[in-house]
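Got your viewer open and a selection box ready? Let's take a walk through this structure, one pick at a time.

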Amino acid sequence: MSKGKSITLLSIISVIVAFVLVMTFIRFPIGIKNYNSLLGAVELDYDLAGGTAYTLTLSDDNQKEVGDNIDSVIDTLEYRLKELGYSAFSVKALKSMDEGSVDYDIRIETKTTQSLASDISVVAAYGELEFFGGAEKDSLTEILTDVKVVQSAKYKGEVTTGSYGIDIEFTKEGYDALVKAIGDNESYNLKITLGEKADGTENVLFDNDVAKLSEWFTKRVMHLYSPEETGARQMALQMNSGGLAYKYDVDNGVNVSSPYGEDIATKCAVAIITVAVVLMALMVIVYKGFGITVALASLLSILAQGWLLIGVPNIVLNMGGVVGVIMATVVNALAMVILAERVREEFVTTQKTAKAAVNKGFKSALVPVINLCVVSIVFALALFAFTSGVIKGFAITFGIGCAVALISSLVFTRMYNALITPLVKDKEKFLGFKRQANVSVEEVE
């Protein structure tokens, strides 16, 4: 590439990078509004930006005290929050101040969303799945109390207009127990209930005789329907999480700041920038001119990661995601080190010229760099598939960052090397590597 062409292309790229840097980190007014930078555009989770807190108080008509069962209640609430898609949240038991009381209030804090109020009502939904059976309709005889009946419940969406389906898969033990309870009694009536509806009436899922029951069963799967989408989702969630045996009233909610402090998002941004700047500075110090090349490529990598946080749909950055960005930055630095070391090795221990050493170094670094990044990406995919909450947040940003690191080390570095090398008169001096004394230089391309 000619020197003039290199200067032109490098100038254009530098202007673009400078513009992106400004748009990423600088806030400034535009007319009567303010541009809030990339940091203002990234959607932050509760642990970085705060959210809304709801207090759950035991209802006056609650049938029994919670006492030592509070841990089970909290586990159920946390499971339901995760199933509804909340990754960062806090669920804490607050001991009642009433003298002699063994009851608890529960405080839930999580990210503010448009559906949060209704989601909290679903999370706190009261009632356990109960089965009643007998010869008479509306029997009060409870059955299937000594076995686990439901294996899983799946929300099926809108099956017909105004009808939302739920598929309940019975356990083998539960199904066998039901068949045994019915026996040969053709007039047997079964009623299935799940707590109460919002208006306080009994939430009856099924109430009919055996003949009707046979129409609803297919190989241990029972098909139920609800006229309300929210109600159907709630029922599936209640069945999967286990019932909530205590009835709670939910307050209107109040705004709360992040548990780590109001300025934690800014501190995290500073931490990410500091790690990136330190790593790039070390590259320049250790690898001299070639270090400038990999540092510039690393800068593009950091910017690409940042913009992908707002470009990829449904990414909500939490503390795990921040750690993922930092770890991906480290992986990027390791890939750059592998590349620089291969170039150094080719230059120092062979007769190759600077240009030939760089080209050969890129080729020899190809496999180890790909291995490093691909293994990291596979690890991130595994975490994404099998974890939830902040760990999944880590997996998302770490995986994206490692994919960008792969491109950065194999593409961005070559680009900058091709643009900068024609501008350097003494290429060997620019590299800053010292050749072994017994090695003579030949033109080996």
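One term before we start: a residue counts as partly exposed when its relative accessible area falls between the buried limit, under 20%, and the exposed limit, over 50%. Keep in mind, too, that this is a predicted model.

**Stop 1: a salt bridge inside a helix**

Select helix α8, residues 229-241. Pick arginine 233 and glutamate 229, and show their side chains: they meet in a salt bridge, 3.2 Å from N to O. Why do they line up? The two residues sit 4 apart in α8, so about one helical turn separates them. Arginine 233 has 45% relative accessibility and therefore counts as partly exposed. Glutamate 229, at 35%, is partly exposed as well.

**Stop 2: what α8 packs against**

Keep α8 and add helix α4, residues 70-83. The two pack at an angle of about 135 degrees, with axes 10 Å apart, which means α4 is oblique to α8. The crossing of α4 and α8 is right-handed. To light up the contact, select Thr76, Tyr79, Arg80 and Glu83 on α4, then Leu237, Gln238, Asn240 and Ser241 on α8.

**Stop 3: other charged pairs**

How many salt bridges does a search of the whole structure find? There are 7. As general background, side chains of opposite charge can pair when their charged atoms come close.

Select lysine 156 and aspartate 167, another of these bridges, where the closest N and O atoms are 3.8 Å apart. This pair links distant parts of the chain: aspartate 167 belongs to strand β9 (residues 163-170) and lysine 156 to strand β8 (residues 150-160), 11 residues apart. Buried or partly exposed: which is aspartate 167? Its relative accessible area is 19%, so aspartate 167 is buried. Lysine 156, at 44%, counts as partly exposed.

Next, jump to arginine 107 and glutamate 109, whose side chains form a salt bridge at 2.8 Å, N to O. Arginine 107 is partly exposed, with a relative accessible area of 26%, whereas glutamate 109 counts as buried at 14%.

**Stop 4: the largest nonpolar core**

Now hide the charges and go for the greasy part. The largest nonpolar core has 33 residues, and those with the most contacts inside it are Phe290, Phe347, Tyr416, Leu431 and Phe433. To see where the core comes from, colour α1 (3-25), α9 (264-311), α10 (319-349), α11 (354-386) and α12 (389-420), each of which supplies at least two of its residues. Which helix gives the most? That's α10, with 8 residues.

Centre on phenylalanine 290 and show what surrounds it. Beyond its neighbours within four places in sequence, phenylalanine 290 is in contact with Leu339, Ala340, Val343, Val358, Phe362, Asn417, Phe430, Leu431 and Phe433.

For a detour, select Leu144, Tyr155, Ile166 and Trp216, which are included in a second, separate core of 28 residues.

**Stop 5: α10 against α11**

Return to α10 and α11 and look along their axes, which come within 7 Å and cross at roughly 150 degrees. An angle over 145 degrees counts as roughly antiparallel, so that is how α10 runs relative to α11. The crossing of α10 and α11 is right-handed. The contact residues include Leu334, Ile338, Leu339, Val343 and Phe347 of α10, and Val358, Phe362, Ala365 and Leu372 of α11.

**Stop 6: along α9**

Select valine 284, which is found in helix α9. Valine 284 counts as partly exposed, at 31% relative accessibility. Leaving out residues up to four places away in sequence, valine 284 touches Gly291, Ile292 and Ala295. Now draw a distance from its C-alpha to that of alanine 245: the two are 39 residues apart along the chain and separated by 62 Å.

Stay in helix α9 for lysine 288. Check its backbone: phi is positive, about 55 degrees, although lysine 288 is not a glycine. Lysine 288 is partly exposed at 40% relative accessibility.

**Last stop: a loop residue**

Finish at arginine 220, in the loop between β12 (217-218) and β13 (221-226). What is phi of arginine 220 near? The value is near 70 degrees, again positive in a residue other than glycine. Arginine 220 is partly exposed, with a relative accessible area of 27%.

Terms used
Residues numbered from 1 in each chain as written. Predicted model: local features only at pLDDT ≥ 70, side-chain atom pairs only at ≥ 80, totals over all residues. Heavy atoms only, no water. Core = buried A, V, L, I, M, F, W, Y, C linked by side-chain atoms within 4.5 Å. Buried < 20%, exposed > 50% of the residue type's maximum accessible area, 1.4 Å probe, protein only. Contact = heavy atoms within 4.5 Å. Salt bridge = Lys/Arg side-chain N within 4 Å of Asp/Glu carboxyl O. Axes fitted to C-alpha atoms, helices over the stretch in contact; angles between N-to-C directions. Parallel < 35°, antiparallel > 145°, perpendicular 65-115°, else oblique. Left-handed = near helix turned anticlockwise from the far one by under 90°.
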